[in-house]
Amino acid sequence: MRIFYNKTDKQLLEIRNNIFLEEGIPALKKNDFELDPFKTSWHGQYNSGIQGYIHQYSRLKKEKYLERIQVYILKNERWIQINLNIFELNPRLGVLSKLNKYEGIKLGMPPYSLTEMRLRNDDYKGPPLFHMLFLPEHKLGNYDNENSFNKKVLKLSRLIRKDMENIDSFIRRWHEMYTPNMIDWERKLVSQ
C-alpha cells in the first residue's frame, strides 16, 4: 500500500505566503516598489480566520505612472496570483506617499480593474493551450512525496524571485496590451 505525502491547506497557504515574503518582496523592493500608500491597502493577512493574504505594492514612474502589484494568496488553492495594473496620474505626483490619505479600493474595481493583467496568465502571446501545457506558472504543482514537494517549493520560489526581479518585462508587456486609465488623485481617484 502506497501512502501519499500530504500538506494541509493551512500549511500550503503559509508556505506560499512565505515564498512571496522571502523571494517576491525583496525583489520588488530592489525595483523601487514600496508598500501601497493608500489607507485601504492590504499588507498581509486579510481575514482573522486566515483565509489568505493580500500584498499590495506600488511604484511611481516619471511622476505620473502609478504601477501597482496586487498579490493574492488564498486558502484552498495552490496559486500565488500576481496582478499588475498601471494608472496615469493627473496632476503629476512628486512622491507616492502623498496618496496615503486617499482610498485605493476603487482601483481594484471596474472600470479601473479592466486593465489588470495577471502575470503568467494574461500576458502570453500565442495559443492558450501552448502556454497552459509548457510554460511556468505561479502555482505549487502536484507532488506525491516529500522530495517532490520540496522540488515544487524550490521551483515556485525561483520563479517568483525571477519574475519580481524582471517585473519591468511584464510592465512592457502590459503597455503592449493596455493604455493606462487616467485618474485624478486629488479628487479621491475619480476617473476622468
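Tutor: Before we look at one particular arginine, a definition is needed: a charge sits over a ring if NZ of Lys or CZ of Arg is within 6 Å of the ring centre and within 35 degrees of the ring normal. Please keep in mind throughout that the model in front of you is a predicted one.

Student: What makes the charged end of Arg-118 count as sitting over the ring of Trp-79?

Tutor: The charged end of Arg-118 is 4.8 Å from the centre of that ring, and the limit is 6 Å. The distance therefore satisfies the rule, and the pair is listed as a charge over a ring.

Student: Before going further, what is the overall make-up of the protein chain?

Tutor: The protein chain has four helices and eight strands, which follow one another from the N terminus as α-β-β-β-β-β-β-α-α-α-β-β. Of its 192 residues, 44% count as buried.

Student: How do you know that strand β5 is largely enclosed by the rest of the structure?

Tutor: Nine of the nine residues of β5 are buried, so the strand is largely enclosed by what surrounds it. In a regular strand the side chains alternate between the two faces of the sheet. In β5, Gln-81, Asn-83, Asn-85, Phe-87 and Leu-89 point one way, while Ile-82, Leu-84, Ile-86 and Glu-88 point the other way, and all of them are buried.

Student: Which strands does β5 pair with, and what makes each of them a partner?

Tutor: Two strands pair if at least two bridges are found between them, and β5 can be set against that rule three times. Eight bridges join β4 to β5, which run antiparallel, and one position to look at there is Arg-68, which stands opposite Asn-85. Two bridges join β5 to β6, also an antiparallel arrangement, with Asn-83 standing opposite Arg-118 in β6. Three bridges join β5 to β7, and these two run parallel; in β7, Met-182 is the bridge partner of Glu-88. β4 and β5 also form a hairpin with six residues between them, and in its turn Asn-76 has a positive phi of about 70 degrees.

Student: Why is Asn-85 called buried?

Tutor: Its relative accessible area is 3%, and buried means under 20%, so Asn-85 falls within the buried class.

Student: What makes the approach of Asn-85 to Thr-115 a polar contact?

Tutor: The side chains of Asn-85 and Thr-115 come to 2.7 Å, and the cut-off for a pair of N or O atoms is 3.5 Å; the distance therefore lies within the limit. Leaving aside neighbours within four places in sequence, the residues in contact with Asn-85 include Leu-66, Arg-68, Tyr-112 and Trp-174.

Student: Why is the pair of Phe-87 and Tyr-112 called edge-to-face?

Tutor: A pair of aromatic rings is described by the distance of the centres and the angle of the planes. The count of such pairs comes to three. For Phe-87 and Tyr-112 the centres are 6.2 Å apart and the planes stand at 70 degrees; centres must lie within 6.5 Å, and planes over 60 degrees apart count as edge-to-face, so this pair is edge-to-face. Phe-87 lies in β5 and Tyr-112 in the loop between β5 and β6, so the pair ties together parts that are 25 residues apart in sequence. Both Phe-87 and Tyr-112 are buried.

Student: How do you know that Tyr-143 and Phe-149 are edge-to-face?

Tutor: Their rings are 4.8 Å apart, centre to centre, with 65 degrees between the planes. The limits are again 6.5 Å for the centres and 60 degrees for the planes, so both conditions hold for Tyr-143 and Phe-149. Tyr-143 counts as buried at 13% relative accessibility, and Phe-149 is buried at 3%.

Student: Why is Ser-41 called buried, although it lies in a loop?

Tutor: Ser-41 lies in the loop between β1 and β2, and its relative accessible area is 15%. The class is set by being under 20%, so Ser-41 belongs to the buried class.

Student: What makes Ser-41 and Asp-36 a polar contact?

Tutor: Their side chains come to 2.6 Å, which is within the 3.5 Å limit, and the pair therefore qualifies. In addition, the backbone oxygen of Phe-38 lies 3.1 Å from a polar atom of the side chain of Ser-41.

Conventions
Residues numbered from 1 in each chain as written. Predicted model: local features only at pLDDT ≥ 70, side-chain atom pairs only at ≥ 80, totals over all residues. Heavy atoms only, no water. Buried < 20%, exposed > 50% of the residue type's maximum accessible area, 1.4 Å probe, protein only. Polar contact = N/O pair within 3.5 Å; in protein donor to acceptor, adjacent residues only side chain to side chain. Contact = heavy atoms within 4.5 Å. Phe/Tyr/Trp six-rings, centres within 6.5 Å; stacked < 30°, edge-to-face > 60°.
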